[in-house]
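Trainee: I am new to this structure. Please take me through its largest nonpolar core, one step at a time.

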Amino acid sequence: MVKALALAALLAVASAAVPATLLVPATAWAASLTVDVHNVSGKGGIVSLALFTQANYDDDDHPTLSRDVEAVSPVTVIHLEDLKPGVYAIKMMQDINRNGKFDTSWLGLPEEPYGFSNNADPVLSEPSFKRTSFRVVEGENHITITLSDTDEVEPVQPRRTAARSNAGAGAAR
């Protein structure tokens with residue numbers, strides 16, 4: 001009994017000497033990020049944000065963190081809490097028809113607004129992690145992403161050609 005009380009007293013004194021910063025749970029980080037999303041279409045829907053590290057940037061199905069919020073035109077604000085300070089990149093889109101996917105035309109051209117951190121523009125494919133990456137430090141962080149303007153983009157339609165005449169097709173025999 002005396003040993004148990006002595007051990008309890010020792011632990012109480014030892015924990016009082018440990019700085020409070022060392023007692024913070026491992027899952028609580030000291031960084032937050034506010035993302036102002038500009039050029040949000042008035043057509044509504046959901047603004048989807050996916051946060052990546054360099055390790056998972058090429059795996060769209062497994063972001064470090066993701067958020068879906070109601071689209072508010074012209075600016076939607078997304079606030080992320082409890083981030084570990086580090087280097088990240090963001091990919092986002094406005095899912096206007098709320099079907100849970102990024103819609104493209106039959107040519108693969110975007111039919112819904114999209115954007116990347118650093119407002120990096122895609123050139124034949126999505127921009128690299130290097131072009132989209134930014135640093136999150138302890139405390140409050142703030143970035144702005146402007147979505148692409150797809151409201152004016154009309155889906156490309158295949159050209160129609162005049163019907164071919166079969167007249168004279170049998171004459172060549």
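Mentor: What follows is a close look at that core.

This is a predicted model, so to speak with its own limits: local features need pLDDT of at least 70, side-chain atom pairs count only at pLDDT 80 or more, and totals for chains, interfaces and linings use all residues. Residues are numbered from 1 along each chain as its sequence is written, and side-chain values use heavy atoms, with hydrogens and water left out.

Start with the term. A nonpolar core is a set of buried Ala, Val, Leu, Ile, Met, Phe, Trp, Tyr and Cys residues joined through side-chain atoms within 4.5 Å. Buried means under 20% relative accessible area, with a 1.4 Å probe and protein chains only.

The largest core has 21 residues. Ile90 and Met92 touch the most other members. At least two core residues come from each of strand 1 (31–38), strand 2 (46–52), strand 4 (75–83), strand 5 (86–95), strand 7 (134–136) and strand 8 (139–146). Strand 1 gives the most, four residues. Strands here are DSSP runs (E, at least two residues), numbered from the N terminus.

Now look at Ile90. Leaving out residues up to four places away in sequence, Ile90 touches Leu33, Val35, Leu49, Ala50, Leu51, Gly115, Phe116, Ser117, Phe134, Ile143 and Ile145. Contact means heavy atoms within 4.5 Å.

There is also a second, separate core of nine residues. Among them are Ala50, Tyr114, Phe116 and Phe129. Ala50 and Phe116 are also in the list of residues that Ile90 touches.

Note on methods:
Buried means under 20% relative accessible area, exposed over 50%, partly exposed in between (1.4 Å probe, protein chains only).
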